[in-house]
Every structure is written in structure tokens, then in C-alpha cells.
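Visitor: I'm new to this and would like some help reading what I see. Could you show me how to go about it?

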Amino acid sequence: MAVTTRGVLPMATATIGPDSWRDATVRGIKVAQKVVDKSEKGAILGKQLDPLPTLRDNCAVQSNTTIHKYVREVRMVVVSLREYLLDTNEEIKSLIRGKEALEKALEHRRKDILLNQQSTAIRLTRPPREKILDGADELLHAELKHLLKLKKTLEAQLRETQKHLQELDGVRKLLTAVIQERSHVMDLITHAVSSVTANGRLSSRREGRYSRQEEMRPESPSNPMLGEPDPMGPYTPDAAKAIEEAREANLKSAALRRAIKDSIDKTTMLQQAAHRSVNDGLTQKLAETITMTQHLQVSSGENRAAMHRAQRWYDTTDKARTITMGPVSSSDLTTRERLDRPLVRVYQRHPGNQLPETHDIISGQVDLLKSLKATSRNLGLLHLARMRLRDDIRDKKVGADVDAHIVRLRRRRGNHRWVMEGSEAQIPGQLVATRPHVECP
């Protein structure tokens, strides 16, 4: 039997050794050949798959590349968080300014309420004749109700602003905590914002405060600049939550600032309209009072002229009655004034010749006395009417002075440039002393 193997010369067909001995040798050769083939295949495969001698350097380079990529992505997240933090700080500043403007407007409304109460209290010092409820009182009452309503509106707006400021402060603390947590891996990299680019442009805030918020308004917490949140990645769910809360809080703050401005403008406009309405009403009442005073003065002058005429008539009538009564003593009578003068005695010699001279003189005296009494009564009535006119004129002047003082006070304090001192913030009943002294005629 001839056996041919690679690398082994063929044996002679005639052998002396036993077959088992020869087969064992052949099997050994085959096994060795298989090991050689396997070793060669392993060497070829090792050339393809085994690491190069630069494995350590390559691993270090790959690790550094991974670290650099992760740190740059973290830096992008931190820069975004810082921009949101800056936006939040700016919103807090702007909202604080809006809160201060709201408090100033609320203080102005409180001053307006106090001025209204002072005006009402000063009007209570008018004489009883002038305390009848009029249109000016109704305007003051309507202004007070309107101011109280505006005050409640501003107070509700102020409470909402304070509540949102607390929310913004919580968002700022959350952003600060996330920034500190994310910045732990940024010790060996620059923090410059100019080194971070997004979508081919610098991620700067010069393009508008809310342009970035408007561009990144998706329903999901994902961000086109930062990708999907990954608990093990640079953009964690905590960072996504902080950014989302900051965006919502900033947008709500911007809307609230606009609402504050509109509310302040609206309340100021309504207050000025009510203030002008009350001033116009008081000015009209003052003009009406002055007109009535002038009519009363004219009537008082006519009354005084009538009193003078009546007094002259009384004096004339009294003088006529005195003349009619004649002298006090009979010895002062002249002959022509006597009732038994010679002419009368001669006439009365015939029976029935009686003269009505005595009766007429007595009747004339009685009539003159009645006229004197009637004139005296008229003089009394004219004097009483004159007293009433004088009192009415005095009350009208006092009422006009009070209304004029209120108008001047409201115009002087209409700009709210005065301090609500303790002496002025009293109850209305204690404001009587604030009215100037008015001398009555």
C-alpha cells in the first residue's frame, strides 16, 4: 500500500513493519499537519483581528475623544442653562420693576381714596342749609366705589406678581443647581460662550431675549440643539426639566409684565376720568352756588329798597296822623281849627244843620293808625325776609368756599406728590380742621 502525505516521501509498497506501527505514525503526521494548518490560519486571523502594538495609545485617544465630545456636549448644555439663567434673572429684574410700578400705582389709588374721603369729610362742614344731598355727593360716592374696585384689582395683580416672583426664584435655584452639577466635568475646558455653535450660528442672546424660547417650543422635552434627554448623557432629564420650567416661567413672566402694564394704564385712565368727573361736578356746583348767591344778593338789595320805601311811608303816615290829631294843648288851637268856630256856630243855629267834620277827623285818625300798623307789620316781614336772605347768602358763601377749597385741594393733590402722613390718614370725622377758616358776612 502506498501512502502519500504532504511533506512525506511515499513509502515502498513492500514493507516489513506491521501495519499498526505504520498507521500510528501516519496518524501522528496527520495530527501534526492539522496543528500546523490551524496555526497558520490563527496567524492569518491574528494579523486581521489582533490589536496592534499601539493599543494603549489608541485606547487613550479614543477615551480622550469620547471625553472631549461628552464635555463639549455638556458645555453646550451648561451654556444653554446659563442663558436660561440669565433670561430668568432679567425676567426677575423686569418683574421686580413691574412690581414696584404696581406698588406705586396701588399707593396712588390709596391716596385717591384718602383724598376722596377728605373731600367728603370737608363737605360735611357746610352749613345745615347746604348739606342737602346733591350731584357732587353722588359723584364722590361713585368715585369712592370705583377707586375701591380698582384698588382690589391692583392688589390681586400684586399678589399674583409676588407669587410668580417666588416661582422664578425657585426656577433660578433649580437652574443654578443643575449648572453646578453639570459643571463638575468642565474643569479642563473653556467656558466661553463664543466657542459654542448651534445650527451654524453663535448661541448668543443678542438676537432677542425670547427668540430661543420661541424656536424651542416643542411639546416634548426634547431640544433640537441638545437632543433627547438621556439619564446617562450630557443632556439629562433634570436639565431638560430645568430648561422647560425656565422657558414656561419666562414666557409667563413676559405675559404677566404686559398684563401689569395694561392694568396700570387702565386703572390710571379710569381714575383720572373719575377724578375729572368729580372736579367738574364740584366746579359746576360752585358755579351754581355763586349764581344763587348773586340772585340772593339782588333780592336782598330789593328787600332793602322796599324797607326804605316802607319806612319813608311809615314816617309820612305818622306825620300825617300827628297833623290830623292837631296840637296837644287846646290853647294852641287857632280859631280856624276849632270845631266851634263862629262860622260853625252860625251855621248850626238852624236845627238839623250838623257837620261830619268831627266824624271825618276821627275816622281819618283811625285809618292812619291802621295804615301805620300795617306798614309796621310789613317792615317786620321785610326785616325777617332780610335776615333770612342774609343767612342764606352767608351759608351759600360758606358752601361755595368749602367747594372751592375741595376743588383746589383735589387739583393740588391730583399729581400724588404728597405724603400720606399719620395726621392726614385719619377717619373722615377728624378732617374738619383741614378746611380753611371762612369769615361769614
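Visitor: Let's start with H5 and H7. Which hand does their crossing have?

Guide: The crossing of H5 and H7 is left-handed. Keep in mind that this is a predicted model.

Visitor: What else describes a pair like that?

Guide: The general idea is that two packed helices are described by the angle between their axes and the distance between the axes. Here, the axes of H5 and H7 come within 7 Å and cross at roughly 160°. Angles over 145 degrees count as roughly antiparallel, and H5 and H7 are therefore roughly antiparallel to each other.

Visitor: And which classes of residue make up the contact of H5 with H7?

Guide: The contact of H5 with H7 has 25 nonpolar, 17 polar and 11 charged residues.

Visitor: How do I judge the span of a helix such as H5?

Guide: Set its end-to-end reach beside the reach expected at 1.5 Å a residue. Helix H5 covers residues 237-325, which is 89 residues. From its first C-alpha to its last it reaches 127 Å, close to the expected 132 Å.

Visitor: What follows H5?

Guide: Gly 326 follows H5, and its phi is positive, near 85°.

Visitor: How should I read a positive phi?

Guide: Most residues other than glycine have a negative phi. Now look at His 416: its phi is positive, about 60°, although it is not a glycine.

Visitor: Where does His 416 lie?

Guide: You'll find His 416 in the segment after helix H7, which runs over 357-412. His 416 counts as buried because its relative accessibility is 11%, and buried means under 20%.

Visitor: Back to helix pairs. How does H2 run relative to H3, parallel or antiparallel?

Guide: Take the angle again. Helix H2 (residues 55-123) and helix H3 (residues 135-182) have axes that come within 8 Å and cross at roughly 160°. That makes H2 roughly antiparallel to H3. H2 passes H3 in a left-handed crossing, and their contact has 27 nonpolar, 10 polar and 15 charged residues.

Visitor: At what angle do the axes of H2 and H5 cross?

Guide: The axes of H2 and H5 cross at roughly 20°, coming within 9 Å. That makes H2 roughly parallel to H5, as angles under 35 degrees count that way. The crossing of H2 past H5 is left-handed. In the contact of H2 with H5 there are 17 nonpolar, 10 polar and 8 charged residues.

Visitor: Can we step back to the whole protein? How many helices and strands does it have?

Guide: There are 7 helices and 2 strands. Reading along the sequence, you meet them in the pattern α-α-α-β-β-α-α-α-α.

Visitor: What share of the residues is buried?

Guide: Buried residues make up 32% of the 441 residues in the protein.

Visitor: How about Arg 22: buried or exposed?

Guide: Arg 22 counts as buried, since its relative accessibility is 9%. Arg 22 sits in helix H1, residues 19-49.

Visitor: Which side chain does the side chain of Arg 22 make a polar contact with?

Guide: Its partner is the side chain of Asp 19, at 2.7 Å.

Visitor: How do I spot residues that are separated along the chain but brought together in space?

Guide: Put the sequence separation beside the C-alpha distance. Glu 138 and Gly 281 are 143 residues apart along the chain, and their C-alpha atoms are separated by 9.6 Å. Glu 138 is in helix H3. Because its relative accessibility is 51%, Glu 138 counts as exposed.

Visitor: Could you give me another pair to try?

Guide: Try Leu 339 and Glu 357, which are 18 residues apart in sequence and 8.0 Å apart in space, C-alpha to C-alpha. Leu 339 lies in the loop between H5 and helix H6 (342-347). With a relative accessible area of 42%, Leu 339 is partly exposed.

Conventions: Residues are numbered from 1 along each chain as its sequence is written. This is a predicted model: local features need pLDDT of at least 70, side-chain atom pairs count only at pLDDT 80 or more; totals for chains, interfaces and linings use all residues. Side-chain values use heavy atoms; hydrogens and water are left out. Axes are lines fitted to C-alpha atoms, for helices over the stretch in contact, and angles run from 0 to 180 degrees between N-to-C directions. Helices (H or I, at least four residues) and strands (E, at least two) are DSSP runs, numbered from the N terminus. Angles under 35 degrees count as roughly parallel, over 145 as roughly antiparallel, 65 to 115 as roughly perpendicular and the rest as oblique. A crossing is left-handed if the near helix is turned anticlockwise from the far one by less than a right angle, and right-handed if clockwise. Ala, Val, Leu, Ile, Met, Phe, Trp, Tyr, Cys and Pro count as nonpolar, Asp, Glu, Lys and Arg as charged, and the others, Gly among them, as polar. The expected span of a helix is 1.5 Å times one less than its number of residues. Buried means under 20% relative accessible area, exposed over 50%, partly exposed in between (1.4 Å probe, protein chains only). A polar contact is a pair of N or O atoms within 3.5 Å; within protein, one must be able to donate a hydrogen and the other to accept it, and residues adjacent in sequence count only if both atoms are side-chain atoms.
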